Amino acid sequence: MTLFVSQIVDGLADGAIYASLALALVFSYRSTGIVNFAQGEMAMLSAYLVWQLMAWGMPLVPAALVSVVISFVAGALLYAAIVKPLSHASLLTVVSVLIGLYLALNSLAGFVWTYTIKAVPSLFPKAHIQLGAFSVSAETVGIIAVVGFVLLLLYLLFETTKIGLAMRGAASTPDSAVLVGVSAPVMLLIGWGIAAALGALSGILVAPRVFLNPTMMFGVIIYAFAAATLGGFDSVVGAVVGGLLVGVVENLVGTYIPWIGPDLKIIVALVLIFGTLLIKPDGLFGRKKVVRL
Amino acid sequence: MSDVVIKPRLPAAVRIVVAVALAVLFLYVIPFAIPNYLVSQFATVLAFAIAIIGINLVTGFGGAITLGHAAFVALGSYTTAILVVRYGWSPYATIPVAAMLSWAAGWCLGFPALRLQGLYLALGTLVLSITVPPVLKRFDGFTGGVQGLNLGNPEAPAFLPLDDSQWIYFVCLAAAAVLYVAARRILSGPLRTALAAARDNQLVAAVMGVDRATLTTATFAMSSLYAGVAGSLYAMIVGFVSPDTFNVMMSLSLFVGAVVGGVTSIAGAIVGAMFIQFVPIWASDIDVSLGGLVFGCALIVTLIVIPAGIGGLGERLFNRLCARLGWVEGADAGHPASEAVREVRNEPA
């Protein structure tokens with residue numbers, strides 16, 4: 001029982017990381033209809049940025065905050081420089097450019113920081129919190145708390161501020177939004193910025209667990225894809241629920257199904273993605289796509 | 001579509017010269033006149049070219065983006081390796097088995113993939129490709145696990161004055177030639193029109209009686225067959241298979257090769273294959289990470305500067321040159337333009 005509960009809690013912590021990266025995917029998808037294949041690599045660069053800032057003598061927490069802010073700017077720049085010019089391009093062009101970006105960013109990290117792994121300290125102390133019969137690590141609790149806090153901020157941004165309303169408008173009905181004076185390109189710019197910042201958060205949270213290296217996000221982005229697909233690519237709630245579900249399922253499957261075990265957990269993502277797309281292509285929370293012929 | 005308006009037709013003399021030049025290049029210059037270590041690299045180029053033709057079929061002509069072809073290459077490679085190592089088969093006999101298995105796997109995967117339109121297919125195939133190495137490692141009793149399987153290079157028959165790398169080069173050349181001609185035949189008939197219709201306007205295609213579902217599945221299966229044969233040959237060239245060879249980088253490399261060579265250019269596949277074979281080797285002399293950087297930039301630059309790829313550009317220049325010289329179909333009848341138009345209209349839907 002203790003093992004079961006601790007697996008679920010660990011799953012939620014993993015899930016929170018997947019949820020933040022899945023949210024990043026959802027934000028860029030909602031604003032521009034593009035699945036950003038390079039999102040994981042951008043997150044990886046953000047994590048390297050933290051390491052670099054710390055190597056230059058900055059303490060961890062400010063370094064993480066600076067990295068998130070720089071990632072926001074970089075995400076916005078990426079939209080302006082690469083994604084916006086592609087808004088009328090064919091799907092093949094869009095996918096190819098993002099794959100190109102993925103390859104280039106991955107190699108860029110290897111070029112600047114080499115392929116040897118680096119350690120990044122965790123944001124949270126190494127303590128354990130005792131809750132009755134079982135204990136959870138402070139890191140697990142911390143990750144869930146940080147992601148929860150960020151989600152709360154996002155909720156407040158979208159539901160209570162004028163800019164949030166404008167962003168929702170620009171994403172759902174761009175033409176009408178323009179008519180009431182919303183600058184759609186600026187909103188999409190902010191959307192991509194937020195996506196990159198959320199990606200940075202996931203990168204910074206996962207880096208201490210897997211060590212810093214150019215391929216560190218491979219194992220995260222695949223679950224984030226699964227989470228976003230499961231929840232529905234255009235649903236914010238879906239990404240969060242999907243992320244947590246994927247995290248928990250992945251951990252339980254890895255622990256309790258010996259045939260799969262920790263090595264083959266990745267197949268959970270594959271099964272979830274193909275299963276969702278076959279049974280309910282719009283995901284659990286996604287809006288049904290209606291096409292007028 | 002702009003790609004078949006005027007069909008070039010070369011005079012017989014020019015055809016013979018071109019054929020002889022190609023024969024000299026592929027049958028003499030590459031196997032005998034260049035340094036020996038390059039010969040097996042060119043064999044790899046041919047194997048990659050076969051896989052890229054597969055991607056051309058499904059992505060360029062079928063309009064479905066696949067980022068996971070290394071999964072089928074892996075299937076072909078492991079079929080060959082397992083049959084040779086565990087069951088003592090002759091490596092050549094495994095090629096048809098690899099082809100059939102990959103075709104069947106492509107058919108099974110193509111069926112759900114049909115429902116995955118556009119981005120979702122790209123995503124699904126990418127994830128499939130990421131899953132392959134862990135699965136291969138998990139079933140280590142059969143696949144050899146992380147250590148891989150050592151099947152050795154097939155030896156050249158004693159009666160031929162060839163060394164092993166020249167021999168495998170000729171094996172690959174024969175396979176590539178057969179599959180190249182097959183792809184051209186598939187794409188020169190009514191199927192090309194049907195595929196283009198299903199790709200460009202599904203509604204019109206359906207009205208015209210094109211069953212997009214079956215057509216796309218069949219194309220996907222055919223493209224997997226190409227990847228499987230490529231994998232089988234690749235296993236023979238390297239003489240060794242291991243899970244991490246068939247990682248997501250290989251899938252993406254093949255995709256880069258297809259785009260750089262031109263997704264709708266069958267002949268461009270060889271250019272794309274040379275690109276992905278030689279660029280990383282040259283780049284890694286300078287820096288380990290340069291290869292990926294060059295790949296990424298090449299992908300973006302190709303799409304911006306020449307969206308049809310190097311092969312597509314070459315074909316367009318060739319067609320223009322033929323038109324300038326009057327080497328077009330029906331030119332001797334005196335009305336090249338009307339003949340060309342009739343040619344297009346006569347194509348069955």
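Which helices of chain B do the buried residues of helix 12 pack against? Keep that in mind as you look around; this is a predicted model, and the tour comes back to helix 12 after a look at each chain.

**Stop 1: chain A.** Select chain A and colour it by secondary structure. You should find eleven helices and two strands. Walking from the N terminus, the order is α-α-α-α-β-β-α-α-α-α-α-α-α. The radius of gyration of this chain is 19 Å, close to the 19 Å that the globule rule gives for 293 residues, so chain A is as compact as a globular protein of that length. Turn it along its principal axes and the C-alpha trace spans about 60 × 50 × 40 Å. Half of the chain sits inside, in the sense that 50% of its 293 residues count as buried. If you draw contacts between residues at least 6 apart in sequence, 73% of them join residues at least 24 apart.

**Stop 2: chain B.** Now switch to chain B, with its 15 helices and two strands. Its radius of gyration is 21 Å, close to the 20 Å from the globule rule for 349 residues, so chain B too is as compact as a globular protein of that length. Its C-alpha atoms fill a box of roughly 65 × 50 × 40 Å along the principal axes. Of the 349 residues here, 48% are buried.

**Stop 3: where the chains meet.** Show both chains and select the contacts between them: 38 residues of chain B touch 33 residues of chain A. On the chain B side, helix 4 (91-115), helix 5 (119-138), helix 11 and helix 13 (290-305) each supply at least two residues. Highlight helix 5 of chain B next, since the largest share, 13 residues, comes from there. Colour this side of chain B by residue type and you will get 26 nonpolar, eight polar and four charged residues.

**Stop 4: helix 12 of chain B.** Finally, select residues 268-286 of chain B. This helix has 19 residues and reaches 27 Å from its first C-alpha to its last, close to the 27 Å expected at 1.5 Å a residue. Look along the axis for a bend of about 25 degrees at Phe278(B), with a proline, Pro280(B), following within four residues. Then show side chains from Gly268(B) onwards: the buried residues include Ile270(B), Val271(B), Met274(B), Phe275(B) and Gln277(B). To settle the opening question, add helix 2 (36-61), helix 11 (248-261) and helix 14 (309-325) of chain B to the view, as the buried residues of helix 12 pack against these.

How values were computed
Residues numbered from 1 in each chain as written. Chains lettered and ligands numbered in written order. Predicted model: local features only at pLDDT ≥ 70, side-chain atom pairs only at ≥ 80, totals over all residues. Expected span 1.5 Å × (residues − 1). Bend = angle between axes of the 7 residues up to and from the residue. Buried ≥ 20, exposed ≤ 12 C-beta atoms within 10 Å, placed from the backbone. Contact = placed C-beta atoms within 7 Å. Rg over C-alpha atoms; globule rule 2.2 N^0.38 Å. Nonpolar A, V, L, I, M, F, W, Y, C, P; charged D, E, K, R; others polar.
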